[in-house]
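Me: I would like to go through this structure by asking how each label is earned. Please set the value against the cut-off each time.

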Amino acid sequence: MKIPMFQVDAFTDRVFGGNPAAVCLLAGWLPDPVLQNIAAENNLSETAFLVEQADGYALRWFTPKAEIDLAGHPTLAAAHTVFEILKPGGERVLFHSPSGLLTVVKEGRFLSMDFPSRPGQPCGAPAELVQGLGAEPREVLLARDHLAVFDTQEQVRALEPDFSVLAGLESMAVIVTAPGSDRDFVSRFFAPKVGIAEDPVTGSAHCTLVPYWSARLGKKELAARQVSERGGELKCRDRGDRVTLAGQAALYLEGYIWI
């Protein structure tokens, strides 16, 4: 079987930046173990699978180890693929996903994604969290992922996690964040439980980061930077029960896989 595949660097305006995602265009759904094997073979943070429908595309996301319920950078990569290759000239695409209907709109050089808001609730810091990060956060919240808040951008950059310890947490992943020196906030994202030690740029994490920083800073429009080695930039908007996440993308690879 010959499957078209594209690799797109998301949340960046150039190749070799942001977060690479694979986008596979399917004629229909393959068995889940096959989808998982493709994602493991790609060995990227996520592989997005698209099946065209009358009003858009069905969309699912797999890490090298598991299917996940929401992923931002592969959604951005999928939208870039639609706008630039599958349906050139389009300015709006609908994705039917495990987290409901997601809309992506082209706004100049940026792609603007409409995602659910996932505010965290204050909680105690699990021992594995503190041990795994090697530092005590000032505040911890829990949504799908743990959100660990630090005082400075330098503290976030300096973290050297023990991923084997963080993998033992009940949450899927750990978001670490602090005020930014030239952005409203910065973050990093660790998800060893699902096969991602450190994710370069994580859209879904901002579904929890945006409501937190919007409330803390008293503003709806936010500029964010993920301070991983590759790094990435997001423009964010808090809209109550939804958030808008906008970024750019660059096509790196176009080809086929054979299974």
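Reply: Let us start with a charged pair. This is a predicted model. In it, the side chains of Arg 138 and Asp 151 meet, N to O, at 3.2 Å.

Me: Why is the pair of Arg 138 and Asp 151 called a salt bridge?

Reply: The cut-off is 4 Å between a side-chain nitrogen of Lys or Arg and a carboxyl oxygen of Asp or Glu. Arg 138 and Asp 151 are at 3.2 Å, so the label holds.

Me: What does the pair of Arg 138 and Asp 151 tie together?

Reply: Arg 138 lies in the loop between helix H3 and strand S10. Asp 151 lies in the loop between strand S11 and helix H4. The pair therefore ties together parts that are 13 residues apart in sequence.

Me: Is Asp 151 called exposed or partly exposed, and on what grounds?

Reply: Its relative accessible area is 44%. Exposed needs over 50%, and buried needs under 20%. Asp 151 falls in between, so it is partly exposed.

Me: How do you know that Lys 220 and Asp 238 form a salt bridge?

Reply: Their closest N and O atoms are 3.5 Å apart. That is within 4 Å, so the pair qualifies. Lys 220 sits in the loop between helix H6 and strand S15, and Asp 238 in strand S16, so the pair ties together parts that are 18 residues apart in sequence.

Me: What makes Asp 238 buried and Lys 220 partly exposed?

Reply: Asp 238 has a relative accessible area of 12%. This is under 20%, so Asp 238 counts as buried. Lys 220 has 49%. That is not over 50%, so Lys 220 stays partly exposed.

Me: Which side chain does Arg 60 meet in a salt bridge?

Reply: That of Glu 67, at 2.8 Å, N to O. Arg 60 is buried, with a relative accessible area of 15%. Glu 67 is partly exposed at 34%.

Me: How many salt bridges does the structure hold?

Reply: It holds 19. Some link up: Asp 69, Arg 118, Arg 144 and Asp 145 are in a network of salt bridges.

Me: Now a helix. How do you know that the buried residues of H1 are on the same side?

Reply: The buried residues of H1 are Leu 35, Gln 36, Ile 38, Ala 39 and Asn 42. They cover an arc of only 155° around the axis, which puts them on the same side. The face turned away carries the exposed residues Pro 33, Asn 37 and Glu 41. The buried residues pack against several strands, including S1, S2 and S18.

Me: What makes Phe 16, Tyr 252 and Leu 253 a nonpolar patch?

Reply: Patch members need over 30% relative accessible area and no salt bridge. Tyr 252, in strand S18, has 43%, so Tyr 252 clears that area cut-off. Together, Phe 16, Tyr 252 and Leu 253 have about 320 Å² of accessible area.

Me: Which residues have the most contacts inside the largest nonpolar core?

Reply: That core has 52 residues, and Phe 95, Leu 50 and Trp 61 are among those with the most contacts inside it. Helix H2 gives the largest share, 6 residues. Beyond four places in sequence, Phe 95 touches Leu 50, Val 82 and Val 104, among others.

Me: Why is Thr 103 called buried?

Reply: Its relative accessible area is 13%, under the 20% limit, so the name fits. Thr 103 lies in strand S7. Among its contacts beyond four places in sequence are Arg 92, Val 93 and Met 113.

Key: Residues numbered from 1 in each chain as written. Predicted model: local features only at pLDDT ≥ 70, side-chain atom pairs only at ≥ 80, totals over all residues. Heavy atoms only, no water. Buried < 20%, exposed > 50% of the residue type's maximum accessible area, 1.4 Å probe, protein only. Helix = DSSP H or I, 4+ residues; strand = E, 2+ residues; numbered from the N terminus. Arc of directions from axis to C-beta. Contact = heavy atoms within 4.5 Å. Core = buried A, V, L, I, M, F, W, Y, C linked by side-chain atoms within 4.5 Å. Patch = residues over 30% accessible without salt bridge, like charges linked within 9 Å, V, L, I, M, F, W, Y side chains within 5 Å. Areas by Shrake-Rupley, 256 points an atom, 1.4 Å probe, with all protein chains shown as cover.
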